[in-house]
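Student: Could we go through this structure together, asking each time how a label was earned?
Tutor: Gladly; let us take the labels one at a time and set each value beside its cut-off.

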Amino acid sequence: MQEVPATAVAQKKAVTHVLGSRDLVTAITGRAGTGKTTMAKEAVKAVQTLSGRSVIVLAPSSAAVQTLKDSSFAGADTLANFQDKDYLKDRARGQILWIDEAGLLSAKQMRWAIDFASRNACRVILSGDTRQHHSVERGDALRVLERVSAVSQVVLTKIFRQLDPAQRAAIYDLSEGETDRGFDKLKDLGAIVEISDQAERLQKLSEKHLQALKDGVTSLIVTPTHEEGRTVTTVVRDQMKQEGLITGQEHVVGRLQKLNLSESQQRDSMNYEHGRVVVFHKRSRGGFRPGEQWDVSRRDHDGTVIVQRHGQEKPLDLDTAQNFYRTFKKQNQSGHKIIDHVL
């Protein structure tokens, strides 16, 4: 008799849970590496086949959506875009909403999704990991629902992504919040190397990154702050130029860096300094159109923010800030490609 892999048993249990639930909201949670994406593929197929209803796959962030698309969910979209487009909402009426990385949902976003489902004869299926991801806006909705047992859920616990037992044990400790123990195991495996001297550390980072590029494998450098990121980038670029991996004339290009202001900060006129840029993503009061960029010209004595574009000035309605635009600051950097801006 052939033994059924543990991963198949766990995923079958999760799929059965989704198919058997009659609740408005159903949840599947699990640590990173427990096979949530593989399970989701099978669950979506089964739900659509057995129910005859479409499954609209959504996620809170663009990065999460791209991951879904890379995993065969070609029609995945962000929750924000779904909320914004009436034709998408019309298609979803009576269907099923599957929200991945649901640990990123704020209380406001969760309330909207459940209200929409309730009004439009939909079901909501939430999948995510509250240990790994937290909402940016206030609320941490999925964690709250878990704690008060407000939704029926199945939990995937066994990690399968790391095939090496020693690596899997370290990752399991990290997922359980045993950070010191997990890091000690990774250090014993040689997976973590500490270099206290900054110059030596930057040199080693550069060498490792360049070797990965030469070997044709993926390399990602992560830093705690933007400033450190720029420092590392400078060192890596200099090394790439020395080895002939970057050639040609350099140009200084301008880009826009998102300020990531909270809703309350976005409404505060003190955060609008001369030279900052407001980019509209919806039609807004005052005649502002989607895609337009307006420079902050000044802040009047009464707190009114004045923006200008092509010689025209207008007051900015801060009450519409969170819904209609985002605020950026200008930055210059060296590069070999001339680009307009990065949003």
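Tutor: Let us start in helix H11 of this predicted model, where Gly-229, Val-232, Val-236, Arg-237, Gln-239 and Met-240 are buried.

Student: What makes us say that these residues lie on the same side of H11?

Tutor: The directions from the helix axis to their C-beta atoms are what the arc describes, and because that arc is only 160° around the axis, the buried residues are placed on the same side of H11. As background, an α-helix has 3.6 residues a turn, so residues three or four places apart point the same way.

Student: How do you know that the span of H11 is close to the expected one?

Tutor: Helix H11 covers residues 226–242, and its 17 residues reach 24 Å from the first C-alpha to the last, which is close to the 24 Å expected at 1.5 Å a residue. After H11 comes Gly-244, whose phi is positive, near 80°.

Student: Why is Leu-205 called partly exposed?

Tutor: Buried requires a relative accessible area under 20% and exposed requires one over 50%; Leu-205 has 31%, and therefore it is called partly exposed. Leu-205 lies in helix H10, residues 198–215, and, leaving aside neighbours within four places in sequence, it is in contact with Ile-221 and Val-232. The C-alpha atoms of Leu-205 and Val-232 are separated by 8.0 Å, although the two residues are 27 apart along the chain.

Student: Why is Gln-167 described as partly exposed?

Tutor: Its relative accessible area is 39%, so Gln-167 counts as partly exposed, given that this class lies between the limits of 20% and 50%. Gln-167 is in helix H8, residues 165–175, and its C-alpha is 9.1 Å from that of Ala-191, a residue 24 places away in sequence.

Student: What makes Asn-260 exposed, whereas Glu-101 is partly exposed?

Tutor: Asn-260 has 58% relative accessibility, and because exposed means over 50%, Asn-260 counts as exposed. Glu-101 has 23%, so it counts as partly exposed. Glu-101 is found in the loop between S4 and H6, and its phi is near 50°, a positive value in a residue other than glycine. Asn-260 is placed in the loop between strand S7 (251–258) and helix H12 (263–266), and it has a positive phi of about 55° although it is not a glycine.

Student: What makes a group of residues a nonpolar core, and which members touch the most others in the largest one?

Tutor: The members must be buried residues of the nonpolar kinds, joined through side-chain atoms within 4.5 Å. The largest such core has 23 residues, of which Leu-58, Phe-82, Leu-97, Ile-99, Leu-105, Met-110 and Leu-126 touch the most other members. Several elements each supply at least two residues of this core, among them strand S2 (55–59), strand S4 (96–99) and helix H6 (107–119), and H6 gives the most, with four residues. In general, nonpolar side chains tend to be buried together in soluble globular proteins. Phe-82 has contacts that include Ile-56, Leu-58, Leu-97, Trp-112 and Phe-116.

Student: How do you know that both faces of S4 are covered?

Tutor: Ile-96 and Trp-98 on one side, and Leu-97 and Ile-99 on the other, are all buried, and since buried means under 20% relative accessible area, neither face of S4 is left uncovered at these residues. In a regular strand the side chains alternate between the two faces of the sheet.

Student: What makes S4 a partner of S2 and of S5?

Tutor: Two strands pair if at least two bridges are found between them. S2 and S4 have four bridges and pair in the parallel sense, with Leu-58 bridged to Ile-99 in S4. Four bridges also join S4 to S5, which run parallel, and there Trp-98 has Ile-125 as its bridge partner in S5.

Student: How do you know that S8 and S9 are paired, and in which sense?

Tutor: Strand S8 (residues 277–280) and strand S9 (residues 293–299) have three bridges, which satisfies the requirement of at least two, and they pair in the antiparallel sense. Val-277 stands opposite Asp-295 in S9. S9 is also joined to strand S10 (residues 305–309) by four bridges, in an antiparallel run, and in their hairpin Gly-303 takes a positive phi near 90°.

Key
Residues numbered from 1 in each chain as written. Predicted model: local features only at pLDDT ≥ 70, side-chain atom pairs only at ≥ 80, totals over all residues. Heavy atoms only, no water. Buried < 20%, exposed > 50% of the residue type's maximum accessible area, 1.4 Å probe, protein only. Contact = heavy atoms within 4.5 Å. Expected span 1.5 Å × (residues − 1).
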